[in-house]
Amino acid sequence: MHGMEGTDTADRYLRFGRFEARGHSPTYERLCAAVADDAALLGLLDELPVAKRQPNLLYGAVRFLGGPLDDGFLPWVHEHWAEVSAVMRERSTQTNEPGRCATLLPLLTSLPQPLALIEVGASAGLCLYPDRYRYRYDGGQPLGPASGVTLACRTNGPVPREMPRVVWRAGIDLNPIDVRDVEQVRWLEALVWPEQEDRLSRLRAAVDLARSDPPHLVRGDVNETLDELVRQAPRDATVVVFHSAVLAYLPPAERERFAATMRRLPVRWISNEAPTVLPDIAARLGRTPPADRGVFVLALDEKPVAFTGPHGQFLDWL
Ligand SMILES: C[S@@+](CC[C@H](N)C(=O)[O-])C[C@H]1O[C@@H](n2cnc3c(N)ncnc32)[C@H](O)[C@@H]1O
């Protein structure tokens with residue numbers, strides 16, 4: 001991920017443990033401290049490209065290979081480093097979180113219907129089915145069709161009362177994940193943090209749903225493929241290009257190139273990214289993002305409208 005260049009690997013693990021895992025995964029918090037203290041493993045990690053030294057990628061690889069997360073973790077990683085590092089080099093963190101649809105839904109329903117959806121950085125495309133999931137905002141009445149996937153979301157304001165009408169959907173990814181491929185889905189499962197059983201069952205239910213009608217996913221870099229996909233979208237629908245947890249993977253100049261493309265294309269633009277990722281949107285926030293919890297900034301056509309839970313767990317309207 002960009003922005004991590006020049007960061008010491010031990011420090012990267014310690015910060016991940018303190019600021020990301022704490023409160024969400026005691027296992028990963030403990031492992032981060034252990035890795036940061038293991039000079040030999042840090043040396044091995046430093047032989048990988050910077051983007052491949054991520055804690056999430058190491059833990060995902062160990063779990064994918066069936067390794068332990070208890071006190072046996074470090075000895076096992078040393079013994080199996082060839083396999084672990086091969087998985088880390090081959091795969092990347094492509095966590096696909098359908099829960100994010102709960103934060104996208106209010107904006108989707110606010111636009112002229114019907115919609116043609118294009119997701120940038122779609123992974124397996126599970127966020128391309130906002131109309132097939134059921135929603136429960138603030139524990140209230142369920143909204144949406146009967147579905148194997150119900151998404152709960154806390155809000156501090158209005159919640160949608162209607163569902164969007166999606167007539168076309170497609171995604172772009174550097175490495176699209178095929179929901180019909182058991183090994184690829186097993187990798188997605190290995191990326192869900194160990195204590196988060198509810199996220200794992202949600203992922204499995206969303207994969208089942210997507211398997212019955214797999215999404216059209218185009219392989220490629222967003223900056224090379226978006227124009228063509230927009231041209232393919234039906235003209236009698238509102239074309240919505242959206243993305244969450246994606247642009248941090250692009251270097252700043254490529255993010256700027258993407259933003260320039262979005263301003264030029266005849267589409268609506270929904271972004272849901274960490275606050276520092278799109279500086280022009282951050283500049284319009286008018287307030288500092290909360291420092292005590294990770295948030296994304298949800299924006300429509302570059303106008304920020306809410307802070308959102310990175311997994312779709314809350315929607316705080318600005
Ligand atoms: C963390 S995943 C997020 C997946 C999905 N947006 C979600 O919210 O669940 C980021 C995805 O962006 C993709 N990605 C990263 N850089 C990209 C690029 N330049 N062009 C297309 N896809 C990219 C990765 O392959 C990965 O699948």
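Student: Which residue takes a positive phi just after α1?

Tutor: That residue is G23, where phi is about 85 degrees, and the helix before it, α1, covers residues 9–21. Residues are counted from 1 along each chain in the order in which its sequence is written. You should also know that this is a predicted model, in which local features need pLDDT of at least 70 and side-chain atom pairs count only at pLDDT 80 or more, while totals for chains, interfaces and linings use all residues.

Student: How many helices and strands are there in the chain, and what makes a stretch a helix or a strand?

Tutor: The chain has 12 helices and 10 strands; each is a DSSP run, of H or I over at least four residues for a helix and of E over at least two for a strand, numbered from the N terminus. The radius of gyration, taken over C-alpha atoms, is set against a globule rule of 2.2 Å times the number of residues to the power 0.38. For 318 residues that rule gives 20 Å and the chain has 19 Å, so the chain is as compact as a globular protein of that length. Along its principal axes, the C-alpha trace spans about 60 × 40 × 35 Å.

Student: What makes α7 mostly covered?

Tutor: Eight of the 10 residues of α7 are buried, a word used when 20 or more other C-beta atoms, placed from the backbone, lie within 10 Å of a residue's own, whereas 12 or fewer make it exposed and a count in between makes it partly exposed. Among the buried residues of α7 are C101, A102, L104 and L107, and over the whole chain buried residues make up 39% of the 318.

Student: Why is D138 called partly exposed?

Tutor: D138 has 13 other C-beta atoms within 10 Å, a count that falls between the two cut-offs, so partly exposed is the right term. D138 sits in the loop between β2 (134–137) and β3 (150–155), and its phi is positive, about 50 degrees, although D138 is not a glycine. Most residues other than glycine have a negative phi, and most peptide bonds are trans.

Student: Which peptide bond is cis?

Tutor: The bond from Q113 to P114 is cis, with omega near -5 degrees, and P114 belongs to the loop between α7 and β1 (115–120).

Student: Which residues have the most contacts inside the largest nonpolar core, and what makes a set of residues a nonpolar core?

Tutor: A nonpolar core is a set of buried Ala, Val, Leu, Ile, Met, Phe, Trp, Tyr and Cys residues joined through C-beta atoms within 7 Å. The largest one holds 61 residues, and Y135, V240 and V241 have the most contacts inside it. Helix α7 gives the most to this core, with six residues. Apart from it lies another core, of 19 residues, among them C32, V35, L57 and Y59.

Student: How do you know that Y135 touches A102?

Tutor: Two residues are in contact if their C-beta atoms, placed from the backbone, lie within 7 Å, and A102 is among those that Y135 touches once residues up to four places away in sequence are left out, as are L105, P142 and C153.

Student: Where do domain 1 and domain 2 lie in the chain?

Tutor: The bounds, which come from an automatic or database domain assignment, are 9–90 for domain 1 and 98–317 for domain 2. Between their centres, taken over C-alpha atoms, there are 28 Å. Where the two touch, domain 1 contributes 11 residues and domain 2 contributes eight. On the side of domain 1, α2 (26–36) and α4 (55–64) each supply at least two residues, and α4 has the largest share, four residues.

Student: How many residues surround the ligand, and what makes a residue count as near?

Tutor: A residue is near if its C-beta atom, placed from the backbone, lies within 6 Å of the molecule; 21 residues surround the ligand, and the closest are Q94, G121, S123, V222 and Y249. By class, the shell has nine nonpolar, eight polar and four charged residues, where Ala, Val, Leu, Ile, Met, Phe, Trp, Tyr, Cys and Pro count as nonpolar, Asp, Glu, Lys and Arg as charged, and the others, Gly among them, as polar.
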